[in-house]
Amino acid sequence: KVFFVTPKVSQSAAAFNYVVGAIMGSPRLAKCVIKRNTEELRLRRPCDGVEISFRCEAASPQGNNIRSGWLAGAIFDESAFFDQNDDAAVTWQDNVTAALSRLLPGAQIWLPSSPWADDGYWHEEHDKHQKRAAKQGADSEALAFHSSSRRLNPALPVGLEETIADPMERAREYDATPVSAMSDLFFPPGVLALAIDNSRTHSAGTVRLPPIAG
């Protein structure tokens, strides 16, 4: 099996449909299709009769619905948008762990996503593998890369980015720039830094200073 997993099953339809289009557009692969509907595409290999099923699935507690059978691959689309709270019933980590335990030799897990914030499990994993590759060269187990939408798809209509008025949302969706996790704090670190006058700091430590008149 190859699973397309998202927080809601309807969200995995886009990635699933790309694969369906590629398979049905191939004269060789289209002949192998034995089942096709909105949530599953099944092929039978002519060389040995093995069947490969491409399926849309919603993420589930502990990844229970992707533990059945062996995986030729798994795609967790929009991975950064999975709920990462410790008390969440369905988490990205649980579902990826479940998929890892079922991978066949040579199988891959893909974790594509627009970014959300510069924290959380997905961001930390992505950042870790990028830094490891920069320091040590290619990693035999994982590859992480960052790209804008236009670099991945130069055919995007010119000016499409400008249709999103919010500059933060535009940067996230088209430049793959995560929002700072500090942006929703009541006093962000940058504001606090501007409120501190280091020249009035006493060398002996914290002291009570008289206010500056005016």
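The accessible surface of the chain comes to about 14,400 Å², and carbon and sulfur atoms account for 57% of that area. The model is a predicted one, and its pLDDT averages 82 over the chain, with 89% of the residues scoring at least 70. Of the 214 residues in the chain, 27% are buried, and among the contacts with a separation of 6 or more, 57% join residues that lie 24 or more positions apart.

**Overall architecture and confidence**

- Seven helices and six strands make up the secondary structure of the chain, and from the N terminus on these elements follow the order β-α-α-β-β-β-β-α-β-α-α-α-α.
- Confidence within the chain is highest in strand E2, at a mean of 96, and lowest in helix H7, residues 189-194, where the mean is 75.

**The sheet**

- The six strands form an open sheet in the order E2-E3-E4-E1-E5-E6, and the pairing within this sheet is mixed.
- The edges are taken by E2 and by strand E6 (103-110), each of which has a single partner strand, so one side of each is left without a neighbour in the sheet.
- From one strand to the next, the twist of the sheet averages 10°.
- Strand E2 (residues 33-36) and strand E3 (residues 40-44) run antiparallel and are joined by three bridges; the two form a hairpin with three residues between them, and Lys 35 has Arg 42 in E3 as its bridge partner.
- E3 is also joined, again in the antiparallel sense, to strand E4 (residues 51-58), here through five bridges, and in this pairing Leu 43 has Ile 52 in E4 as its bridge partner.
- The hairpin of E3 and E4 has six residues between its strands, and Gly 49 in this hairpin takes a positive phi near 80°.
- E1 and E5, by contrast, pair in the parallel sense over four bridges, and Phe 4 stands opposite Ile 75 in E5.
- Helix H3 packs on the sheet, where it touches E1, E5 and E6, and the direction of H3 makes about 165° with that of E5.

**Nonpolar cores**

- As a general matter, nonpolar side chains in soluble globular proteins tend to be buried together.
- The largest nonpolar core has 14 residues, of which Val 5, Ile 66, Phe 76, Phe 82, Trp 92 and Ala 99 touch the most other members.
- Strand E1 (2-6), strand E5 (71-76) and H3 are the elements that give two or more residues to this core, and H3 gives the most, with four residues.
- Phe 82 touches Val 5, Phe 76 and Trp 92, and its contacts also include Thr 6, Pro 7, Ala 59 and Asp 77, when residues up to four places away in sequence are not counted.
- A second core of 13 residues is separate from the largest one, and its members include Phe 4, Cys 32, Cys 56 and Ile 75.

**Selected residues in helices H3 and H4**

- Asn 95 has its place in helix H3, residues 92-100, and counts as buried because its relative accessible area is 0%, under the 20% cut-off.
- Leaving aside residues up to four places away in sequence, Asn 95 touches Val 5, Ala 59, Ser 60, Gly 63, Ile 66, Phe 76 and Val 90.
- Ala 98 is likewise found in helix H3 and is buried, with a relative accessible area of 0%.
- The contacts of Ala 98, not counting residues up to four places away in sequence, are with Gln 62, Gly 63, Ile 66 and Arg 67.
- Ala 98 and Ser 68 are 30 residues apart along the chain, and their C-alpha atoms are separated by 9.8 Å.
- Glu 125 has its place in helix H4, residues 121-136, and is classed as partly exposed because its relative accessible area of 22% falls between the 20% limit for buried residues and the 50% limit for exposed ones.
- Glu 125 and Ala 144 are 8.7 Å apart in space, C-alpha to C-alpha, although 19 residues apart in sequence.

Definitions and conventions: Residues numbered from 1 in each chain as written. Heavy atoms only, no water. Buried < 20%, exposed > 50% of the residue type's maximum accessible area, 1.4 Å probe, protein only. Contact = heavy atoms within 4.5 Å. Pairing = 2+ DSSP bridges. Core = buried A, V, L, I, M, F, W, Y, C linked by side-chain atoms within 4.5 Å. Axes fitted to C-alpha atoms, helices over the stretch in contact; angles between N-to-C directions. pLDDT = per-residue confidence, 0-100. Areas by Shrake-Rupley, 256 points an atom, 1.4 Å probe, with all protein chains shown as cover.
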